[in-house]
Amino acid sequence: MTSPVVISGSGLWTPPYNITNHELVDAYNAYSTKFNQDNQVAIEAGAVNAKPLSSADFIEKASGIRSRFVYVKDGILDIERMRPNIPQRSEEQLSDQAEMAINAAKLALQAANKKAEDIDVVIVSCAYTQRSYPAIAIEVQDALGIKGFGFDMLVACSAATFALHRAYEMITAGTAKGVLVINPELTSPQVNYCDRDSHFIFGDVATAIVVESADTANSAHSFEILSTQAVTSYSNNIRSNFGYVSRANDSDPFAADKLFHQEGRKVFKDVCPMVVVHINEHLAQHQLALSDIRRWWLHQANINMNTLISRKLLGRDATPQEAPVVLDSYANTASAGSIIAFNLHHKDMRSGDYGLLCSFGAGYSIGSLMLKKR
Ligand SMILES: CC(C)(COP(=O)(O)OP(=O)(O)OC[C@H]1O[C@@H](n2cnc3c(N)ncnc32)[C@H](O)[C@@H]1OP(=O)(O)O)[C@@H](O)C(=O)NCCC(=O)NCCS
């Protein structure tokens, strides 16, 4: 019988800069007011739509988000720019995303009590990679001195859970001894800070997790992965059309449709019931009751989504101890949200406690892992 597969350590790297809702709204409103003044004639003629104003109160009520961290703050609040100012690095320098990934990876290795020689696979999995090739994962592998192989994966908000599924399968199959799953979510370059409906949604962060066999695990806190579940269902309701084919389309590679955009209401209505069915099925696979689950490390996009999901599952609101919330200070960090929640809220779990890690978002995609504290 193969020995269990475990998560033996996690790392969370938080960027040094913070933007509150008020700061973001002040910049957006100043930008929009100027836009409306500059375009007054065209707006009055009906040729251009006036830009509506944003509100910090709306943002907090509609999403639960109060602030977000960003990799680079410079430029985002500049109404002449409205995007981060990240200078291009030379090909000899470490890329921005690899740097973020390495910061989180080192913390995960430390937590797992592992060295580079204990790892033989690096998966960098996130919503966007800053280039197509060479893979960011191979750059990270090289910088950390890891032998073996690495590859990048893109599954939007479920990139972290889907990569953990691959790690679990590789350790189970015996094709890897230690897998480092890293999620450098550099989302801010893809946020349309000129769009009232989405300017507040995202933040930057990097998370990492070490997956290995229980035979080799020797960390203070390890969690057996009992099983993984995934489902996808195609939807255009969360979309980013950025890609290399824009060049051949003769289209503007930075137009609004190339950045993150969504039909937030539709996403809300579609995804919440899908998540409830998914989680119930995952529990049923183990004949576990909802009350058997001590912790829900849920995706962190919107507090109202998580509240609705908890109510449908439990018939009541989950307590902050049961389903920790991190989106108030981190905002939506694409695939990293549930991993941040795990990283910050797992050390109090007792041996034998069950927890469910679950992501949901664009695709649509839903991924979950049933975990048991060792
Ligand atoms: C995006 C989201 C927070 C918007 O909240 P919502 O309650 O659905 O809000 P709506 O888009 O329906 O807008 C409600 C009203 O507020 C207005 N509004 C939207 N953004 C606003 C802002 N920043 N400031 C002030 N008002 C705003 C809308 O124009 C609308 O006004 P109207 O009723 O006069 O038309 C919410 O739909 C959501 O989080 N959905 C889940 C999807 C998600 O998080 N996806 C992320 C990727 S996984």
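A polar side-chain atom of Asn302 is placed 2.5 Å from an oxygen atom of the ligand in this predicted model. Two further polar contacts (pairs of N or O atoms within 3.5 Å) involve ligand nitrogen atoms: one pairs with an N or O atom in the side chain of Ser54 at 2.9 Å, and one with a polar backbone atom of Ser55 at 3.1 Å. The isolated ligand exposes 950 Å², of which the protein buries 72% (accessible areas by the Shrake-Rupley method with a 1.4 Å probe).

The shell around the ligand comprises 19 residues, among which Ser54, Arg196, Gln262, Arg265 and Asn302 come nearest; a residue is counted if one of its heavy atoms lies within 4 Å of the molecule. By class, 9 of the shell residues are nonpolar, 7 polar and 3 charged, where Ala, Val, Leu, Ile, Met, Phe, Trp, Tyr, Cys and Pro count as nonpolar, Asp, Glu, Lys and Arg as charged, and the others, Gly among them, as polar. At least two shell residues each are supplied by helix H3 (56-63) and helix H8 (264-285), and H8 provides the largest share, 4 residues. Helices (H or I, at least four residues) and strands (E, at least two) are DSSP runs numbered from the N terminus.

An open sheet of 9 strands has the order S5-S4-S6-S7-S1-S8-S13-S12-S11, with mixed pairing; two strands pair if DSSP finds at least two bridges between them. Strands S5 (149-154) and S11 (293-298) form the edges, each pairing on one side only. Neighbouring strands are turned against each other by 25 degrees on average, direction ignored. At the S5 edge, S4 (residues 121-126) runs parallel to S5 and is joined to it by 6 bridges, including that between Val121 and Phe149.

Helix H5 (residues 136-144) lies across S4, S5 and S6, at about 145 degrees to S5 (contact: heavy atoms within 4.5 Å; axes are lines fitted to C-alpha atoms, for helices over the stretch in contact, with angles from 0 to 180 degrees between N-to-C directions). Within the loop between S4 and H5 lies Pro134, whose peptide bond from Tyr133 is cis, with omega near -5 degrees. A second cis peptide bond, with omega near -10 degrees, links Gly363 to Tyr364.

Residues are numbered from 1 along each chain as its sequence is written. Local features require pLDDT of at least 70 and side-chain atom pairs pLDDT 80 or more, while totals for chains, interfaces and linings use all residues; side-chain values use heavy atoms, with hydrogens and water left out.

How values were computed. Polar contact = N/O pair within 3.5 Å; in protein donor to acceptor, adjacent residues only side chain to side chain.
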